[in-house]
Amino acid sequence: MELGREYWNQRWLEQQTGWDIGSASAPLTDFALHLNNRSLRILIPGAGNAWEAEFLFRHGFTHVHVLDIAPQAIAAFQTRVPDFPAAQLINGDFFAHTGHYDLILEQTFFCALHPSLRKAYVQKMHSLLAPGGTLAGVLFDAGFEGGPPFGGSAAEYRSLFEPYFELHTLETARNSIQPRAGREVFIRFTPRANVSPVN
Ligand SMILES: C[S@@+](CC[C@H](N)C(=O)[O-])C[C@H]1O[C@@H](n2cnc3c(N)ncnc32)[C@H](O)[C@@H]1O
């Protein structure tokens, strides 16, 4: 089964969105609210309902970008938040996306991708971040039957990200929603300089 545009859009159309927590995720928004610069270029890839994007937009962040491969997800967001800048709503594939961001927020996007794409994810994140930028958010520290979601562990993330990023924080998240408490790690990584470009 290919986890591409058709697969994800179908899930949106059938409302099979069990990952959706229905509100902005505290690990992500608490982190962002501590940032003084409301003009930071922020990307939320695999954003889904993008509750965090709406929250940050309402809290004065002016350059939040929502990216999702499923047209239905983007359309639903546009309907829910009609005053969100249309140019910052992107229907597309993360791996084909280009740009430079100061902050990229992760939540249940990494786990939605087939594990064979993990190295490509890390390299793409590195290429999308401006020097001094940050990748922050949560990753599951848990295993799952089948997938998506595909699980992982802190040890795996360390070896995957370390060649490309400085790992400032990789620890059990303190403000997870109850069903995920103790089962996800908060990450704050910054891209290393002098990493060879990726083809
Ligand atoms: C598990 S959902 C998570 C949504 C959201 N982050 C959340 O926490 O509610 C994964 C999302 O990633 C999107 N997605 C999957 N593969 C993608 C890709 N290659 N590029 C962009 N979005 C993708 C799906 O359409 C889906 O909305």
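**Thr-108 and its surroundings**

Colleague: Where is Thr-108 found?

Modeller: First, a word on the basis: this is a predicted model, in which local features need pLDDT of at least 70 and side-chain atom pairs count only at pLDDT 80 or more, while totals for chains, interfaces and linings use all residues. Residues are numbered from 1 along each chain as its sequence is written, and side-chain values use heavy atoms, with hydrogens and water left out. Helices (H or I, at least four residues) and strands (E, at least two) are DSSP runs numbered from the N terminus. In those terms, Thr-108 is found in the loop between S4 and H5.

Colleague: Is Thr-108 buried or exposed?

Modeller: Buried means under 20% relative accessible area, exposed over 50%, and partly exposed in between (1.4 Å probe, protein chains only). Thr-108 has a relative accessible area of 19%. Thr-108 is therefore buried.

Colleague: What sign does phi of Thr-108 have, and about what value?

Modeller: Thr-108 is not a glycine. Even so, its phi is positive, at about 45°.

Colleague: Which residues are closest to the ligand?

Modeller: A residue is near a molecule if one of its heavy atoms lies within 4 Å of it. The ligand is surrounded by 17 residues. The closest are Gly-46, Asp-68, Asp-93, Gln-107 and Thr-108.

Colleague: How many ångströms separate an oxygen atom of the ligand from an N or O atom in the side chain of Thr-108?

Modeller: A polar contact is a pair of N or O atoms within 3.5 Å; within protein, one must be able to donate a hydrogen and the other to accept it, and residues adjacent in sequence count only if both atoms are side-chain atoms. A polar side-chain atom of Asp-93 lies 2.8 Å from a nitrogen atom of the ligand, and a backbone N or O atom of Gln-107 lies 2.8 Å from a nitrogen atom of the ligand. For the side chain of Thr-108 and a ligand oxygen, the distance is 2.6 Å.

Colleague: What percentage of the ligand's accessible area does the protein cover?

Modeller: Accessible areas come from the Shrake-Rupley method with a 1.4 Å probe; for residues, only the protein chains shown count as cover. On its own, the ligand has 590 Å² of accessible area. The share covered by the protein is 96%.

Colleague: Why is S4 described as largely enclosed?

Modeller: S4 spans residues 101-107. It is largely enclosed by the rest of the structure because, of its seven residues, the number buried is six.

Colleague: How many bridges join S4 to S5?

Modeller: Two strands pair if DSSP finds at least two bridges between them. S4 pairs with S1 (residues 42-45) in the parallel sense over two bridges, and Leu-43 has Ile-104 as its bridge partner in S4. S4 and S5 (residues 129-140) also run parallel, with Leu-103 partnered by Thr-134 in S5. The number of bridges between S4 and S5 is six.

Colleague: What handedness does the β-α-β unit of S4, H5 and S5 have?

Modeller: A crossover is right-handed if, with the strands pointing away from the viewer, the path from the first strand over the helix to the second runs clockwise. The unit here is made by S4, H5 (residues 118-128) and S5. It is right-handed.

Colleague: Which element gives the most residues to the largest nonpolar core?

Modeller: A nonpolar core is a set of buried Ala, Val, Leu, Ile, Met, Phe, Trp, Tyr and Cys residues joined through side-chain atoms within 4.5 Å. The largest one has 26 residues, and Ile-104 and Tyr-121 are among those with the most contacts inside it. Elements giving two or more residues to this core include S4, S5 and S7 (184-191). The top contributor, with four residues, is H5.

Colleague: Which residues point the other way from Ile-42 and Ile-44 in S1?

Modeller: In a regular strand the side chains alternate between the two faces of the sheet. In S1, Ile-42 and Ile-44 point one way, and all four residues concerned are buried. Those pointing the other way are Leu-43 and Pro-45.

Colleague: Which residue is joined to Pro-148 by a cis peptide bond with omega of about 5°?

Modeller: Pro-148 is found in the loop between S5 and H6, and the peptide bond from Gly-147 to Pro-148 is cis, with omega near 0°. The cis bond with omega of about 5° joins Pro-148 to Pro-149.
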